[in-house]
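Please open the model in a viewer and keep the sequence panel visible. The tour below proceeds by selection, and each stop states what is to be found there.

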Amino acid sequence: MERQIHVIVLILLSICEVWMCYQVLYRTVLEKKYLRNWQKVLVWGNILGAGILLGINRKILFFSSTMFVFIILSTLLCAWIVEKKNMLIKIEIIILFYTILALMDFFCGFISMEIIGKQFWEEIYKFSQSMVQCVLFLIPRAGVALLLLKWQDKNLVLKGDRKTLALLCAIFIGILRIYMATMMNMVTGARRAQGLGAAVSMVFVSVLTAGVFVFFHRFQILKTENEMLSELGTLSKNHIKEMEIMMEKNRIQTHDMKHHLLIMREYGQEKKWDLLMSYLNELSDDILVSQKAMWTQIGILDTLLEQKKTKAESKGIKFRIRADRIGELPFSDMEICALFSNLLDNAIEACENIQDDRRWIEIHITRKSEMLYLTISNSIKDRPSEQEGKLITNKQNHQLHGYGIKSVQKIVRQYEGDFSYQIREREFIVTITFWRLEARRNEI
């Protein structure tokens, strides 16, 4: 009876191990919510089949290189059949998961070797019938399960991590081979049994490797973020130049209009109607366009709003602006451009994803003494994904996503404001409040 329980426990732990590997994939590169029924059946078939074989094998041998390779290949094959994209990252994640778990098993094995001595060969390593072996396998899997409970939301692995993950896989596989040979030599008597020393050295090497990886990964993230924020600053400068060109064009048109009006009045007074009509027809559309609307009395902002309004309406998006004449703000032209351009570009992009006529954007800007209140609301197709109160992109290029919002939040923090968003049914609302803005005139 005890033997049967021993095998059943090993099988259950092994099934749980394969299941946890898929949970890691779901939180990184595999889209669980889009799986069809036959794909879910295939995944569970792999979990149960591979788990049963792995559990039976562990009763025969504590660690089998053949079974280790088999379990990786079977998981890879199933993941490839289910979803063929991002296979390189899937390969690295699967190898890394099983390798780290195997290293944790060896750590527990070395500790038990230190405690039970020569009995390790009979009770743990080969043809085991002891429940102690089950406890050794239980500890690492329980630790991984706790980590997964804290890691509930989806984190996307960046494509730029591929080389680093591949290097980490190679290093950890090398560490695993070294300590697999070390344990074999210890249990066969070819080397003095020093389980504690082997366990400590393995932890030191593994933690050092993981620490270097985390440091390098964090450095790469900060480097990428700084590069993207710098790029956004350059784009903002270019945007400002475009705004200045448009404003200068409007000033020239306003100045020239006086001359056109004098000529047309002269034709009218002399009743030269044919010449008047001919002159009107020769005027360009740019001159005939009415003067730019003045929503806020801030030249760069009104020009930007007009540009975004024109862009949105050309795409069939209703664009409504309700704004006070706020007049004076402490923001630089670049900050105004970054603040409004990023938010409005996101709103326009969200509306473009809607196929029917429910496309609209509404801006509301209110100034009360030193307080500035801004809301930008727009229609959306589906509710965006969220993780720990942050939006998760559905774009293909995840590396470039989020820096526009970060630029906005940086400006809001700089002026001690509040940034928040709401998601209602088919509506997304961004709210920004600046509580105490100094009344310094924004130079254009």
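A residue is called buried when its relative accessible area is under 20%, exposed when that value is over 50%, and partly exposed in between (1.4 Å probe, protein chains only). Helices (H or I, at least four residues) and strands (E, at least two) are DSSP runs, numbered from the N terminus. The model is predicted, with local features requiring pLDDT of at least 70 and side-chain atom pairs counted only at pLDDT 80 or more, while totals for chains, interfaces and linings use all residues. Residues are numbered from 1 along each chain as its sequence is written, and side-chain values use heavy atoms, with hydrogens and water left out.

**The whole chain**

Begin with the entire protein chain, which has 13 helices and seven strands. Of its 444 residues, 42% count as buried. The chain exposes about 25,300 Å², of which carbon and sulfur atoms supply 59%; accessible areas come from the Shrake-Rupley method with a 1.4 Å probe, and for residues only the protein chains shown count as cover. Contact means heavy atoms within 4.5 Å. Among the contacts in the protein chain with a separation of 6 or more, 77% are between residues 24 or more positions apart.

**Strand β7**

Next select residues 427-434, strand β7. Eight of the eight residues of β7 are buried. Glu427, Ile429, Thr431 and Thr433 point one way from the strand, and Phe428, Val430, Ile432 and Phe434 point the other way. In a regular strand, side chains alternate between the two faces of the sheet.

Within β7, pick Thr431, which is buried at a relative accessible area of 14%. Leaving aside residues up to four places away in sequence, Thr431 touches Tyr373, Leu374, Thr375, Asp418, Phe419 and Ser420.

**The partners of β7**

Two strands are taken to pair if DSSP finds at least two bridges between them. Add β3 (residues 371-379), which runs antiparallel to β7 and is joined to β7 by eight bridges. Two facing pairs can be displayed here: Ser379 stands opposite Glu427, and Leu372 stands opposite Phe434.

Then add β6, which pairs with β7 in the antiparallel sense, also over eight bridges. Ile423 stands opposite Phe428 in β7. The hairpin of β6 and β7 has two residues between the strands, and Arg426 takes a positive phi near 60° there.

**The full sheet and its helices**

Which strands make up the sheet, and in what order? Five strands form an open sheet in the order β1-β2-β3-β7-β6, with mixed pairing. β1 (318-323) and β6 (417-424) stand at the edges with a single partner strand each, so one side of each has no neighbour in the sheet. The twist averages 10° from one strand to the next. Axes are lines fitted to C-alpha atoms, for helices over the stretch in contact, and angles run from 0 to 180 degrees between N-to-C directions.

Now show helix α11 (residues 299-314), which packs on the sheet by touching β1 and β2 (360-368), its direction making about 155° with that of β1. Helix α12 (residues 333-352) also packs on the sheet, touching β1, β2, β3, β6 and β7, and its direction makes about 20° with that of β3.

**Salt bridges**

A salt bridge is a side-chain nitrogen of Lys or Arg within 4 Å of a carboxyl oxygen of Asp or Glu. The whole structure contains ten. For one of them, select Glu17 and Arg141, whose closest N and O atoms are 2.8 Å apart. Glu17 lies in helix α1 (residues 2-26) and Arg141 in helix α6 (residues 131-150), so this pair ties together parts 124 residues apart in sequence. Both Glu17 and Arg141 are buried.

Move to α11 for the pair Lys309 and Glu313 (2.6 Å, N to O). These two residues are four apart in the helix, which means a separation of about one helical turn. Lys309 is partly exposed at 22% relative accessible area, and Glu313 is partly exposed at 41%.

**A nonpolar surface patch**

Finally, select Trp19, Trp44, Leu48, Ile52, Ile56, Ile60 and Phe127, a nonpolar surface patch with about 660 Å² of accessible area together. Patches consist of residues with over 30% relative accessible area and no salt bridge, like charges being joined within 9 Å and nonpolar side chains (Val, Leu, Ile, Met, Phe, Trp, Tyr) within 5 Å. Helix α2 (residues 37-60) supplies the largest share, five residues. Ile60 belongs to α2 and is partly exposed, at 39% relative accessibility.
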